[in-house]
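Biologist: I would like to go through this model with you, one question at a time. Please give the reasoning before the value or name.

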Amino acid sequence: MAAPETKKRVYIKTYGCQMNVYDSERMTDALAADGFAPTDRMDEADLVLLNTCHIREKAAEKVYSELGRIRVMKEEAARSGRNVTVGVTGCVAQAEGAEIARRAPVVDLVVGPQSYQHLPRLLGEVASGRRAVETEFAIEEKFAALPKATRSQTRSRGVTAFLTIQEGCDKFCTFCVVPYTRGAEVSRPVAAILDEARRLADAGVRELTLLGQNVNAWHGAGEDGRAWGLGELLFRIAEIPGLDRLRYTTSHPRDMDDALIAAHRDLPALMPYLHLPVQSGSDRILAAMNRKHKAADYIRLVERIRAARPDIALSSDFIVGFPGESEADFEATLRLIEEVGYGSAFSFKYSARPGTPAALKDGAVEEAVMAERLARLQALVDAQADAFNRTAVGRVMDVLFEKPGRGPGQLMGRSPWLQPVAVEAPPERIGTIGRVVIDALVTHTLVGTLVDPPAGAWPAQMAHSAETAP
Ligand code: 5AD
Ligand code: SF4
């Protein structure tokens, strides 16, 4: 076996959404089979990959400034006789392709999200002195190829993991590049999903987040011969021993069907947290965005979800300053936020993206107006998030311990509502669920005390995870 220091090292910097986080993990797995050990230090890597995001202009521009720094680093390495290969992957790679290599000659390799299974071959091309650009759409092929890439070698995982079950988007919101960078909606087959979920559970994962750009548009042929949607799939995944907690993201309101809402009522492993972006509370803007629903439809949907799972925490994405957005439109968004009441939310200034229909619209909102609206919106959702977090103080809840905390003897975990919780507990509790009483809220973190009943008297969920531990 080669000494560790002779192994090639790969550094992957991940931008943007959780889909990219997942893809970076899968690339790390695939490259491990090819002799690359992961490193978290860019300056000692033989291969540097930027897994990029194209959703807003700022995200895309970050890549070019990072490539400027990488060029300096690569030149320094070359002076000491070390060759560094630089690749751009993800949505900027997909959207801009060979243009990246033209704008940033430091780049050796450009690979779109549907082509990661070809990374080892493309690296071979780079090694023989060619630049490699691959941005073909062959997503079925990616799903077919990816499980094999890790079967030989499942790296040890953390307590939580992502699993992509769906990719792409057919919704064509007028502001969004995703339908162009990630392609049409494709669902991964049930057997492949169950196979990967089992492998992750065997590797110690306790909480699984199912991913897709439109995850609740997932559909497939069920094991019972019926057509399954995400609701049925969640029930099936919950049967896998060891997977105590399930989540999914990101959902479109139009795809929340009855079976999925029922899963929130009937499936204890499905955590009471739902990211359900609405973008705007103005029907005029929702129509211009091509969201295919009105504000009242969304509010009715939220009522149905809350009827099924009264304690669910909701989160959303909002865009301020969409072309033509008036003060009255913006106030409608604030009213919707007040009516729904969120546990957390993400909000963005509208960013015109080349190739999207909204980029051609008149009525651009001034930067200063956007900034002012964003600040007002964020103040409102911050107050809601704070009020929501405060309701946790004094309550007893299940916390899944994920990793060591900042303080000595401390662990960090998550509540069912995805809130970070700091607790004094021994390191062997990592990967287990404990009963915790919440003592305080410190900025955005809950601080609590372990109040587990003595062994033998554990609640059912604890007993289950204890039995299935290796
Ligand atoms: N400008 C600003 N925000 C955007 N988003 C998507 N496209 C744009 C854009 N052009 C936001 C949406 C989406 C989130 C992932 O990013 O709110 O839900
Ligand atoms: Fe973009 Fe809309 Fe598709 Fe979400 S649903 S990825 S915002 S086009």
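Biologist: Is histidine 275 buried or exposed?

Modeller: This is a predicted model, and histidine 275 is found in strand S14. Its relative accessible area is 8%. Buried means under 20%, so histidine 275 counts as buried.

Biologist: Which side chain does histidine 275 join through a polar contact of 2.5 Å?

Modeller: Not counting residues up to four places away in sequence, histidine 275 touches residues including Thr249, Ser315, Asp317 and Phe346. With the side chain of aspartate 317 there is a polar contact of 3.2 Å. The polar contact of 2.5 Å is with the side chain of serine 315.

Biologist: How much of the accessible area of ligand 1 does the protein cover?

Modeller: Aspartate 317 also faces ligand 1: a side-chain N or O atom of aspartate 317 is 2.6 Å from an oxygen atom of the ligand. A polar side-chain atom of glutamine 279 lies 2.6 Å from an oxygen atom of ligand 1. On its own, ligand 1 has 400 Å² of accessible area, and the share covered by the protein is 87%.

Biologist: Which residue offers a polar backbone atom to a nitrogen atom of ligand 1?

Modeller: The residues surrounding ligand 1 include Ile55, Arg56, Phe175, Gln279 and Asp317. The distance from the nitrogen atom to the polar backbone atom is 2.9 Å, and that backbone atom belongs to phenylalanine 175.

Biologist: How many residues of the shell around ligand 1 are charged?

Modeller: Strand S15 (313-320) and strand S16 (344-349) each supply at least two residues of this shell. By class, the shell has 5 nonpolar and 2 polar residues, and the charged ones number 4.

Biologist: How far apart in space are proline 323 and tyrosine 350, C-alpha to C-alpha?

Modeller: Proline 323 is found in the loop between S15 and H13, and its relative accessible area of 8% makes it buried. Leaving aside neighbours within four places in sequence, its contacts include Ile285, Tyr350 and Ala358. Proline 323 and tyrosine 350 are 27 residues apart in sequence, while their C-alpha separation is 8.1 Å.

Biologist: What does helix H12 reach from its first C-alpha to its last?

Modeller: H12 covers residues 295-308, which is 14 residues. Its buried residues, among them Tyr298, Leu301 and Ile305, pack against H10, S14, H11, S15 and H13. At 1.5 Å a residue the expected span is 20 Å, and the helix comes close to that, reaching 20 Å.

Terms used. Residues are numbered from 1 along each chain as its sequence is written. Chains are lettered from A and ligands numbered from 1 in the order in which they are written. This is a predicted model: local features need pLDDT of at least 70, side-chain atom pairs count only at pLDDT 80 or more; totals for chains, interfaces and linings use all residues. Side-chain values use heavy atoms; hydrogens and water are left out. A residue is near a molecule or strand if one of its heavy atoms lies within 4 Å of it. A polar contact is a pair of N or O atoms within 3.5 Å; within protein, one must be able to donate a hydrogen and the other to accept it, and residues adjacent in sequence count only if both atoms are side-chain atoms. Accessible areas come from the Shrake-Rupley method with a 1.4 Å probe; for residues, only the protein chains shown count as cover. Helices (H or I, at least four residues) and strands (E, at least two) are DSSP runs, numbered from the N terminus. Ala, Val, Leu, Ile, Met, Phe, Trp, Tyr, Cys and Pro count as nonpolar, Asp, Glu, Lys and Arg as charged, and the others, Gly among them, as polar. The expected span of a helix is 1.5 Å times one less than its number of residues. Buried means under 20% relative accessible area, exposed over 50%, partly exposed in between (1.4 Å probe, protein chains only). Contact means heavy atoms within 4.5 Å.
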